[in-house]
Amino acid sequence: RMKIGNFTEYKGYTGSVKYDYNDHIYYGSLTNTKDLVSYHGNNPLELYEDFKIAVDDYIEFCKEIGKEIN
């Protein structure tokens, strides 16, 4: 496994970018929240799209349950 870096901010959130050589997949998680929000993709572009979806889903979920977005 190799850490590549972080995504630029999207709606106030940043996310890690890692690569797993064994599974041949990019993956990451939001870096500035206490909750575990992860995403993955087969290539960097797919990973970035899944990162944005994860952020949008996280924000929507927090609104639905009345949790303060952190």
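A salt bridge is counted here where a side-chain nitrogen of Lys or Arg lies within 4 Å of a carboxyl oxygen of Asp or Glu. By this rule, the predicted model holds three salt bridges. Side chains of opposite charge can pair when their charged atoms come close.

Confidence in the model was examined next. The protein averages a pLDDT of 93. A score of at least 70 is reached by 99% of the residues. Confidence is lowest in strand β1, with a mean of 82. Confidence is highest in β4, at 97.

Two of the salt bridges join distant parts of the chain. Lys 11 and Asp 56 meet through their side chains, with N and O 2.8 Å apart. Lys 11 sits in the loop between β1 and β2, and Asp 56 belongs to helix α1 (residues 44–65). The two residues are 45 residues apart. Lys 11 has a relative accessibility of 53% and therefore counts as exposed. Asp 56, at 28%, counts as partly exposed.

Lys 67 pairs with Asp 35, and their closest N and O atoms are 2.4 Å apart. This bridge runs from the segment after α1, which holds Lys 67, to the loop between β3 (25–29) and β4, which holds Asp 35. The separation is 32 residues. Both partners are partly exposed: the relative accessible area is 29% for Lys 67 and 25% for Asp 35.

The bridge between Glu 49 and Lys 52 lies within helix α1. Its N to O distance is 3.4 Å. The two residues are three apart in the helix, so about one helical turn separates them. Glu 49 is partly exposed, because its relative accessibility of 35% falls between the limits of 20% and 50%. Glu 49 can also be placed relative to Tyr 39. The two are ten residues apart in sequence, and their C-alpha atoms are 9.3 Å apart in space.

Aromatic contacts were then searched across the whole structure. Nine aromatic pairs were found. One of them joins Phe 7 and Tyr 39. A pair of aromatic rings is described by the distance of the centres and the angle of the planes. For Phe 7 and Tyr 39, the centres are 6.2 Å apart and the planes meet at 40°. The pair is classed as tilted, because this class covers plane angles that are neither under 30 degrees nor over 60. Phe 7 lies in the loop between β1 and β2 (16–20), whereas Tyr 39 lies in strand β4 (residues 38–41). The pair therefore ties together parts that are 32 residues apart in sequence.

Both rings belong to buried residues. Phe 7 has a relative accessible area of 14%, and Tyr 39 has one of 2%. Each value is under 20%, so each residue counts as buried. Phe 7 and Tyr 39 are also members of a cluster linked by ring pairs. Tyr 10, Tyr 48 and Phe 51 belong to this cluster as well.

The surface carries a nonpolar patch of about 290 Å². Met 2, Ile 4 and Tyr 21 make up this patch. Met 2 lies in strand β1, which spans residues 2–6. Met 2 has a relative accessibility of 36% and so counts as partly exposed. This value also passes the cut-off for patch members, which is over 30%.

Key: Residues numbered from 1 in each chain as written. Predicted model: local features only at pLDDT ≥ 70, side-chain atom pairs only at ≥ 80, totals over all residues. Heavy atoms only, no water. Patch = residues over 30% accessible without salt bridge, like charges linked within 9 Å, V, L, I, M, F, W, Y side chains within 5 Å. Areas by Shrake-Rupley, 256 points an atom, 1.4 Å probe, with all protein chains shown as cover. Helix = DSSP H or I, 4+ residues; strand = E, 2+ residues; numbered from the N terminus. Buried < 20%, exposed > 50% of the residue type's maximum accessible area, 1.4 Å probe, protein only. Phe/Tyr/Trp six-rings, centres within 6.5 Å; stacked < 30°, edge-to-face > 60°. pLDDT = per-residue confidence, 0-100.
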